[in-house]
Amino acid sequence: MKTLILIFLCLPIFLLSNNIHLDKGIEFCKSGNIDSALYHLNLIGDEVTIETSLEDIFNKNYYQAKCYDHLEANKSAEYYYLKAIAIMDSAEFNNVDIYLDLGKFYQKIRNYVGSNEYLTRYYEIELGRLGQEAMTSGENESKIDSLEASIETMKTNEKKLESDIRLLIVLISVFGLAFLVSLFLNLRNKSKNDKKANS
């Protein structure tokens, strides 16, 4: 029973261990500590498991490529870049920075055809994204303009309504006063007629 409890307590640590290695590997790679980065990245397997997602495997290969690129181990860098792209292309996530990095890598080793291919991919995706953002921005701007026009119309209608209410109050006052004057005159005439009839 104690063994079973110990397994359940330790299981989360084992499940998170690959992510910890991935995070450390990425952190070391970004800071230029290549040996430590490769050590942690190599501890992560290449198969999807409970603790390792396809995106983790992509990141492992991508950052291995960046490390080997930094070391100028060109064959290894190219291998891991292409492997990471193959993983990404088979999945539903997208990291376009890998195209830029691979394009620059090919440019550095004077493979201008490969460089052109991957830089073109990168810029096509980025231009498409920027175009989409511009279109969304344009749609938002037209919505704002439409909203401002609606607010102006509402303000105009509110002023007209206030003016109509004032006119209605004046008309009610005039008709009320006319009714009171008419009532007063009728009562006065009736009173005069009653006096004449009595005399």
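**Exercise 1. Is arginine 121 buried, partly exposed or exposed, and what is its relative accessible area? Place it and its salt-bridge partner in the structure.**

Solution. The model is a predicted one, and every value below is computed from it. Start with the accessibility: the relative accessible area of arginine 121 is 28%, and because buried means under 20% and exposed over 50%, arginine 121 counts as partly exposed. Next, look for the partner, which is glutamate 117; the closest N and O atoms of this salt bridge are 3.4 Å apart. Then locate the two residues: both belong to helix α6, which covers residues 112–198, and they stand 4 residues apart, about one turn of the helix. Finally, check the partner's own surface, where glutamate 117 comes out as partly exposed at 38% relative accessibility.

**Exercise 2. Find the salt bridge between glutamate 126 and arginine 129, and state how far apart the two residues are in helix α6.**

Solution. Begin with the atoms: glutamate 126 and arginine 129 form a salt bridge in which the closest N and O atoms are 2.6 Å apart. Turn then to the sequence, where the two residues are 3 residues apart in helix α6, so that about one helical turn separates them. The last step is accessibility, and here the partners fall into separate classes: glutamate 126 is buried with a relative accessible area of 15%, whereas arginine 129 is partly exposed at 37%.

**Exercise 3. Which helices does the salt bridge between lysine 66 and aspartate 101 link?**

Solution. First establish the bridge itself, in which the side chains of lysine 66 and aspartate 101 meet at 3.0 Å, N to O. Lysine 66 lies in helix α3 (residues 54–71) and aspartate 101 in helix α5 (residues 97–108), so the pair, 35 residues apart, links distant parts of the chain. Accessibility completes the picture: lysine 66 is partly exposed at 26%, while aspartate 101, at 17%, is buried. The structure as a whole holds 4 salt bridges.

**Exercise 4. How many aromatic pairs does the whole structure contain, and how are the rings of tyrosine 81 and phenylalanine 105 arranged?**

Solution. A search of the whole structure finds 10 aromatic pairs. In the pair of tyrosine 81 and phenylalanine 105, the ring centres are 5.7 Å apart and the planes make an angle of 45 degrees, an arrangement classed as tilted. Since tyrosine 81 belongs to helix α4 (residues 74–89) and phenylalanine 105 to helix α5, the pair ties together parts that are 24 residues apart in sequence. Tyrosine 81 is buried, with a relative accessible area of 1%, and phenylalanine 105 is buried at 1% relative accessibility. For a second pair, take tyrosine 122 and tyrosine 123, whose rings are edge-to-face, with 5.0 Å between centres and 80 degrees between planes; tyrosine 122 is buried at 12%, but tyrosine 123 is partly exposed at 45%. To widen the view, note that Tyr81 and Phe105 also belong to one aromatic cluster, together with Phe58, Tyr62, Tyr63, Tyr99, Tyr106 and Tyr118.

**Exercise 5. How many helices and strands make up the secondary structure of the protein, and what percentage of its residues is buried?**

Solution. Counting the elements gives 6 helices and 0 strands. Of the 199 residues, 24% are buried. For the surface, the protein exposes about 14500 Å², with carbon and sulfur atoms supplying 60% of that area. As a last step, consider the contacts between residues at least 6 apart in sequence: 46% of them join residues at least 24 apart.

Definitions and conventions
Residues numbered from 1 in each chain as written. Predicted model: local features only at pLDDT ≥ 70, side-chain atom pairs only at ≥ 80, totals over all residues. Heavy atoms only, no water. Buried < 20%, exposed > 50% of the residue type's maximum accessible area, 1.4 Å probe, protein only. Contact = heavy atoms within 4.5 Å. Areas by Shrake-Rupley, 256 points an atom, 1.4 Å probe, with all protein chains shown as cover. Phe/Tyr/Trp six-rings, centres within 6.5 Å; stacked < 30°, edge-to-face > 60°.
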